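Reader: I am new to this structure and should like to learn how its features are read. May we take them one at a time?

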Amino acid sequence: MTLPAEMATDAEDRFQFTCQPGMACFTRCCANLNLVLTPYDIVRLKRTLGISAEAFLDRFTQASSDGTCGLPVVRLRMDPDTGRCPFVSADGCTVYADRPGACRLYPLGQALKEVGGHLQRRYFAIRESYCLGWNQGRVWRVADWLADQGLEAYQQMNLPFLRLSTGRPLIAFKNFGQRQLQMYFMACYNLDAFRQFVAGSSLKRRFALNDELCQRLQEDDETLLYFAGRWLEFALFGTGVLPQSLSQVLPAPEVEVTDR
Ligand code: SF4
Ligand code: SF4
């Protein structure tokens, strides 16, 4: 069974797809992309490239505002001459092990909505006319594709950020000034700057963060990123609770995500 384009589907649906070097379309999909990067995408990419978040943002991205809520959005900048992704080569993706979540999910896309306090993901097929992978090779359950492409960590790490904007009325963003937007940008995308901010702030004293957590926030990107999402929710919307110890940070999201 194959999925019609743009048809919402769930984790149990199936599609037939294969993608491998040697196909006539190999890397055609790595050009002219409107590829929005998530906070965890940037952590993985800056780390594999061995550069700071700031250097990554300067060299490889362009920032804009979300047309609906006005929050900052970061996109991967395509090569201005060729339109190609800066990480594609004749042999394929040069950052494959740390490629963005959207590249992992492709040829599927996802849509999120909030239903009764839960985030619900739906998946849909993206059928580009040049992509020869459809209706070839293995038949995948959507859930097996997600697992095969290593998406679980991405979905987990981005969850606190998805909770910031999904299902929240637009009025909640209306009064954000420059200071809040800069704070949002730093905590989402410039994790090294956020680390310095945490180290130099009174957060530890004001919120009774324990020593173990503070040490991990300085050493571990994933812990810091999860904390950043929680901190933003607290600082921008006055909701949620800031973790005070490591055991409150990982692994448990408070809002369950259902793949339906
Ligand atoms: S166009 Fe489709 S089949 Fe070809 S490389 Fe990209 S994803 Fe794979
Ligand atoms: S990051 Fe890799 S998989 Fe994604 S578009 Fe660039 S080259 Fe292609």
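Author: Let us begin with burial. A residue is exposed if 12 or fewer other C-beta atoms lie within 10 Å of its own, and buried if 20 or more do. Please keep in mind that this is a predicted model.

Reader: By that rule, is Ser202 buried or exposed?

Author: Ser202 counts as exposed, because it has 7 C-beta neighbours inside 10 Å. Ser202 is placed in the loop between helix H7 (191-199) and H8. Its C-alpha atom is separated by 16 Å from that of Leu232, and the two residues are 30 apart along the chain.

Reader: What percentage of the residues of the protein count as buried?

Author: Of the 260 residues, 26% count as buried.

Reader: How should the overall form be read?

Author: One begins with the radius of gyration. A compact globule with 260 residues would have a value near 18 Å; the protein has 19 Å, so the two agree. The C-alpha trace spans about 60 × 40 × 35 Å along its principal axes. How many helices and strands does the protein have? There are 10 helices and 9 strands. Among contacts with a separation of 6 or more, 71% are made by residues 24 or more positions apart.

Reader: Which residues other than glycine have a positive phi?

Author: Asn135 is one of them, with phi near 65 degrees. Asn135 belongs to strand E8 (residues 134-141), and it counts as exposed because 11 C-beta neighbours are found inside 10 Å. Ala208 is another example, with phi near 50 degrees. Ala208 sits in the loop between helix H8 (203-206) and helix H9 (211-219). With 10 other C-beta atoms within 10 Å, Ala208 is therefore exposed.

Reader: Where is there a cis peptide bond?

Author: The bond that joins Tyr106 and Pro107 is cis, with omega about 15 degrees. Pro107 lies in the loop between helix H3 (101-105) and strand E6 (108-115).

Reader: Which residues are around ligand 1?

Author: Pro107 is one of the residues around ligand 1. The shell also includes Cys19, Met23, Cys25, Phe26, Thr27, Arg28 and Cys29, together with Tyr130, Cys131, Leu132 and Gly133.

Reader: How many residues of each class does that shell have?

Author: The shell around ligand 1 has 9 nonpolar, 2 polar and 1 charged residues. Pro107 thus brings two features together: a cis peptide bond with Tyr106 and a place in the shell of ligand 1.

How values were computed. Residues are numbered from 1 along each chain as its sequence is written. Chains are lettered from A and ligands numbered from 1 in the order in which they are written. This is a predicted model: local features need pLDDT of at least 70, side-chain atom pairs count only at pLDDT 80 or more; totals for chains, interfaces and linings use all residues. Helices (H or I, at least four residues) and strands (E, at least two) are DSSP runs, numbered from the N terminus. A residue is near a molecule or strand if its C-beta atom, placed from the backbone, lies within 6 Å of it. Ala, Val, Leu, Ile, Met, Phe, Trp, Tyr, Cys and Pro count as nonpolar, Asp, Glu, Lys and Arg as charged, and the others, Gly among them, as polar. The radius of gyration is taken over C-alpha atoms; the globule rule is 2.2 Å times the number of residues to the power 0.38. Two residues are in contact if their C-beta atoms, placed from the backbone, lie within 7 Å.
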